Amino acid sequence: MKEILNFINGEFVATTDWFDKTTPYDGKVIARVAAAGKPEVDAAVRAARSALDGPWGKLAVADRVDMLYAVADEITRRFDDFAEAEMSDIGQPSHFIRHVDVPRGAANFKIFADVVKNVPSEFFEMATPDGRGALNYSLRRPVGVVAVICPWNLPFLLMTWKLGPALACGNTVVVKPSEETPQTAALLGEVMNKVDMPKGVFNVVNGFGPDAAGEFLTTHPGVSAITFTGETRTGAAIMKAAADGARPVSLEMGGKNAAIVFADCDMDAAIEGTLRSTFANCGQVCLGTERVYVERPIFDEFVSRLKRGAESMKPGLPADPASKMGPLISQEHRDKVLSYYRKAVEEGATVVTGGGVPDMPAALKAGSWVEPTIWTGLPDSAAVMRDEIFGPCCHISPFDSEEEVIRRANDNPYGLAAAVWTTNLQRAHRLGGVLEAGIVWVNSWFLRDLRTPFGGSKQSGIGREGGVHSLEFYTELKNVCIKL
Ligand SMILES: NC(=O)c1ccc[n+]([C@@H]2O[C@H](COP(=O)([O-])OP(=O)(O)OC[C@H]3O[C@@H](n4cnc5c(N)ncnc54)[C@H](O)[C@@H]3O)[C@@H](O)[C@H]2O)c1
Ligand SMILES: O=C/C=C/C=C(\O)C(=O)O
């Protein structure tokens, strides 16, 4: 049986508390994972703290940048290993993992190496009564030991999205991958040792959240800052934990994102983009679409074309090139998604397609499969219009005016992302300005320039990461004033 261990101070560490890792596409146990208890979490935080006082803390920025590039190059060299690990962790089609999830692993280290290499410092000359003046300049310093709490939906992309800036800014990290998807974090430990990353800079503790490694880490007094990606209610629990000791938090949380399709859109592009934003990764993308608003003149055509596209989403194994969609991450999550499939019908939805479980081959029946699903006919107050489902489903509603659709799209507790499909330039800029979302795509979706601010408003997050914006969270800015 494969064993997935913790990674503490450059060593892989087992414990006596094991839990199973199963694959979502057939429910088979493929490994056992060593759960970190309080002793292991404490050892990881101590290792991270002492690494700050060792060679890593003394490394010049240029040398730290070289080290991060070496990590990126080793990830690229082991691309297939990371792709295999991610496919068995999340069960999504190979082409998705090889074109989205894994390439971002290397990119997330490179972009922040480039940011810290080129970021200017602030400087002010000031007059003083004695006429001799003073010089003021700013310096950035690492915040210290950063706890990185990761979700299961895009495990490698999202873990490295936090590791890149944290390490580029000179911090050390203790990562707690999701209990569902531990494999790429362990592989990254091998990469760190291969590139001679100083011991203790990168640590991994496996386990669950409440009353387990996640909570032990976020409540550990040796943690300087916490960066979290996951459900909103979990983020709130972590924020409470961070309050003891007044540690800063960066929270990337849930979404209930709208796609707004105007009659003047490029319909082919809108259909292709909405199929991706609704069904990619089996709908398990925080930036994904679960609410579609279509201007009434093209409503029927749009529904019929999206239905055809959804029905072409052939579910299958990751390595099968014919697979267009994988399973949900777990039976537990599938139960949640299916409960919303039932609730939609109870609330009076028209099921345009899907709504159940596909008839899979015998070998895959134990997987967490659901049908891609489209509804119409529900009011904005319906549960499937307000709650994050995090599955391959969306509801399509008609609208009659720009003012109406802006009001309806913004009437939701989340504010993470939006997609707007229109060829009207002025309208595109108007909506970009008024939609309550951290990211608004126009005639695209999930097009990512890593230098831009990334994060959610309202219940979708606190803080922005990306490009220089990550420096605000991962460094302490100080002023030095020299009297001449
Ligand atoms: N905004 C974003 O960028 C973004 C990106 C990806 C996913 N998400 C969100 O993440 C969710 C799906 O991921 P998930 O189900 O893994 O989220 P989750 O909140 O269930 O778990 C996320 C992580 O938090 C840990 N955790 C849980 N309770 C904890 C606690 N009390 N203390 C410390 N750690 C704890 C879990 O073990 C896991 O590692 C969705 O809501 C999705 O929208 C948001
Ligand atoms: O599921 C959510 C995806 C988040 C993506 C990013 O954080 C990113 O593209 O940097």
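**Two ligand sites in a predicted model**

User: Which residues are said to be around ligand 2, and what makes a residue count as being around it?

Analyst: In this predicted model, the residues around ligand 2 are R104, N153, L154, L157, L158, W161, V285, C286, L287, F446, R448 and F454. Each is listed because one of its heavy atoms lies within 4 Å of the ligand.

User: Why is the approach of R104 to ligand 2 called a polar contact?

Analyst: An N or O atom in the side chain of R104 is 2.7 Å from an oxygen atom of ligand 2. The cut-off for such a pair is 3.5 Å, so the R104 pair qualifies as a polar contact. C286 also qualifies, through a polar backbone atom 2.7 Å from an oxygen atom of the ligand. R448 places a polar side-chain atom 2.7 Å from a ligand oxygen.

User: How do you know whether ligand 2 is buried or exposed?

Analyst: On its own, ligand 2 exposes 310 Å², and the protein buries 98% of that area. The space taken by ligand 2 is also the largest cavity. It is called a cavity because a 1.4 Å probe fits there but cannot get out.

User: What makes up the shell around ligand 2, by class and by element?

Analyst: The shell has nine nonpolar, one polar and two charged residues. C286 counts as nonpolar and N153 as polar, whereas R104 and R448 count as charged. Helix 7, residues 155–168, gives the most to this shell, with three residues.

User: Which residues come nearest to ligand 1, and what makes K176 a polar contact of it?

Analyst: Of the 29 residues around ligand 1, the nearest are C150, W152, K176, T234 and E388. A polar side-chain atom of K176 lies 2.6 Å from a ligand oxygen, which is within 3.5 Å and therefore a polar contact. For T234, a polar side-chain atom is 2.7 Å from an oxygen atom of ligand 1. M253 uses a backbone N or O atom, 2.7 Å from a nitrogen atom of ligand 1.

User: How much of ligand 1 does the protein cover, and where does this ligand sit?

Analyst: Alone, ligand 1 has 850 Å² of accessible area, of which the protein covers 92%. Ligand 1 sits in the largest pocket. The wording "sits in" applies because more than half of its atoms lie within 2 Å of the pocket's grid points. Helix 9 (213–218), strand 11 (225–229) and helix 10 (232–243) are the elements giving two or more residues to its shell. That shell divides into 15 nonpolar, eight polar and six charged residues.

Notes
Residues are numbered from 1 along each chain as its sequence is written. Chains are lettered from A and ligands numbered from 1 in the order in which they are written. This is a predicted model: local features need pLDDT of at least 70, side-chain atom pairs count only at pLDDT 80 or more; totals for chains, interfaces and linings use all residues. Side-chain values use heavy atoms; hydrogens and water are left out. A polar contact is a pair of N or O atoms within 3.5 Å; within protein, one must be able to donate a hydrogen and the other to accept it, and residues adjacent in sequence count only if both atoms are side-chain atoms. Accessible areas come from the Shrake-Rupley method with a 1.4 Å probe; for residues, only the protein chains shown count as cover. On a 1 Å grid over the protein atoms alone, a cavity is a set of points where a 1.4 Å probe fits but cannot get out, and a pocket is an open set with protein on both sides within 12 Å along at least five of seven lines; lining residues have an atom within 4 Å of a point. Helices (H or I, at least four residues) and strands (E, at least two) are DSSP runs, numbered from the N terminus.
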